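Hi,

Here is the structure I said I would pass on. Have a look at it first, and my notes follow below.

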Amino acid sequence: MKILIDCDTGGDDAAAITLALASSDLEVLGISTCLGNLELAQTTRNTQLLLAELQACVDLCAGSDVPLVRQKWVGNPNGKDLLETDKELTPPVGLDLLSFYHQKLAGASEPVTLVPLAPLTNIAKVILAYPDLVREKVERIVLMGGGIASGNTTGAAELNFYADPEAAQIVFGFDVPVVLCGLDVCHKAVITQEAGQRYFSYQNKYAKMLQYLLKRSWSYRQHGSFNGSILYDTIPVLYLLYPQIFTGLKGTISIETASALCTGATLLSVRKNDGDDLYDKDKQHQAIMDLDLQLYLDKIEAILAKAEEQA
Ligand code: RIB
Ligand code: CA
């Protein structure tokens with residue numbers, strides 16, 4: 001499966017990229033960065049640090065540093081480097097975002113899956129610039145963002161959609177299938193320290209990175225409301241590899257852009273049957289709502305175990 005990742009690296013984005021690179025079933029054609037939880041300069045540097053430490057040769061493009069139309073909003077404007085490395089950093093490619101995506105999509109000989117893990121600013125720009133190319137080359141978009149039942153940045157909105165709701169609405173309004181891996185499923189994917197110990201017996205570079213990221217996350221979240229760590233952005237990657245461990249709802253998803261209180265909220269009109277007025281047959285959305293936690297933990301280990309064999 002050929003994928004393009006868009007991210008605002010951060011610990012859980014880094015875990016998702018690590019697992020994607022570790023899996024021989026995914027080919028990461030490129031990575032773009034966006035502002036989001038952190039400023040663009042920091043998300044780009046964090047991605048460079050990660051790729052250097054993993055010694056991964058993947059083209060990296062620095063994307064948007066402001067949302068499509070709104071004032072800039074960043075979750076943590078004072079973010080620090082995600083990790084230290086003694087390896088040399090590779091600079092981002094010398095292409096702007098649109099040229100980067102044009103090159104990657106036009107050059108793809110097989111369908112590509114977009115995997116956005118950040119505000120959807122970059123992806124919306126690509127759709128607006130090259131709608132026909134995206135229709136032709138992008139098979140589907142499998143993203144982390146939103147939440148049907150609740151938000152985490154406001155009561156209504158999840159961070160990635162809150163930061164750029166207009167961009168999110170452009171993506172859901174476009175006619176490429178979208179799988180939403182939002183807070184509903186992520187909040188069920190808690191990795192406790194006890195459960196995560198199983199990953200510490202592996203020695204390959206991907207396992208070592210995941211161990212570092214988990215330890216870091218546990219140290220941050222030990223007083224939080226979840227008894228463990230949630231690696232939100234790993235959910236789309238696991239969904240791509242093991243869709244059978246997830247369940248969801250089909251329907252039409254819209255993102256609120258006009259309301260003061262509910263900006264960035266995810267609205268799902270559930271498909272009850274083909275005659276249902278709420279369901280727009282031209283749109284193909286799926287909201288992942290639940291997962292088998294035990295299998296999620298097992299499959300992460302399976303990725304690390306296979307990487308260990310191949311090391
Ligand atoms: O709300 C979760 C999202 O915001 C994830 O993509 C995570 O990386 C954070 O930035
Ligand atoms: Ca993210």
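**What I found**

Leu 50 is buried, with a relative accessible area of 0%; "buried" here means under 20% relative accessible area, "exposed" over 50% and "partly exposed" in between, with a 1.4 Å probe and protein chains only. Leu 50 sits in helix α2, and its C-alpha atom is 38 Å from that of Ser 269, which is 219 residues apart from Leu 50 along the chain. Helices (H or I, at least four residues) and strands (E, at least two) are DSSP runs numbered from the N terminus.

Some housekeeping before the rest. This is a predicted model, where local features need pLDDT of at least 70 and side-chain atom pairs count only at pLDDT 80 or more, while totals for chains, interfaces and linings use all residues. Residues are numbered from 1 along each chain as its sequence is written, chains are lettered from A and ligands numbered from 1 in the order in which they are written, and side-chain values use heavy atoms, with hydrogens and water left out.

Now the calcium ion, ligand 2. Its protein donors are Asp 8 (OD), Asp 13 (OD, listed twice), Leu 117 (O) and Asp 233 (OD), at 2.3 to 2.7 Å. Donors are N, O and S atoms within 2.8 Å of the metal, or 3.2 Å for Na, K and Ca; water is not among the atoms, so the site may look incomplete. Along the chain, the donors follow the spacing D-x4-D-x103-L-x115-D. Asp 13 belongs to helix α1 (residues 11-22) and Asp 233 to the loop between β8 (229-230) and α11 (234-241), so this pair ties together parts that are 220 residues apart in sequence. Both Asp 13 and Asp 233 are buried.

Ligand 1 has these residues around it: Asp 8, Asp 12, Asp 13, Asn 37, Leu 117, Met 144, Asn 152, Glu 158, Leu 159, Asn 160, Tyr 232 and Asp 233. A residue makes that list if one of its heavy atoms lies within 4 Å of the molecule. By class, the shell has four nonpolar, three polar and five charged residues. Helices α1 and α6 (159-163) each supply at least two residues of that shell.

Three of the calcium donors turn up again in polar contacts with ligand 1, if you count pairs of N or O atoms within 3.5 Å. An oxygen atom of ligand 1 is 3.0 Å from an N or O atom in the side chain of Asp 13, and one is 3.1 Å from a polar backbone atom of Leu 117. For Asp 8, a polar side-chain atom lies 3.4 Å from an oxygen atom of ligand 1. The protein covers 94% of the 270 Å² of accessible area that ligand 1 has on its own, by the Shrake-Rupley method with a 1.4 Å probe.

On to the helices. In α3 (residues 97-106), Leu 97, Phe 100, Tyr 101, Lys 104 and Leu 105 are buried. Seen down the axis of α3, these buried residues fall within an arc of 115°, so they line one face of the helix; the arc is taken from the directions from the helix axis to the C-beta atoms. Asp 96 caps the N-terminal end of α3, with a side-chain oxygen 3.1 Å from the backbone nitrogen of Leu 98. For such contacts within protein, one atom must be able to donate a hydrogen and the other to accept it, and residues adjacent in sequence count only if both atoms are side-chain atoms.

In α11, eight of the eight residues are buried, so this helix is largely enclosed by the rest of the structure. Just one loop residue to add here: Leu 231, between β8 and α11, is buried at 3% relative accessible area.

Finally, Gln 55 has a positive phi of about 50° although it is not a glycine. Gln 55 lies in the loop between α2 (40-54) and β3 (60-62) and counts as exposed, at 54% relative accessibility.

Cheers

Conventions. Ala, Val, Leu, Ile, Met, Phe, Trp, Tyr, Cys and Pro count as nonpolar, Asp, Glu, Lys and Arg as charged, and the others, Gly among them, as polar.
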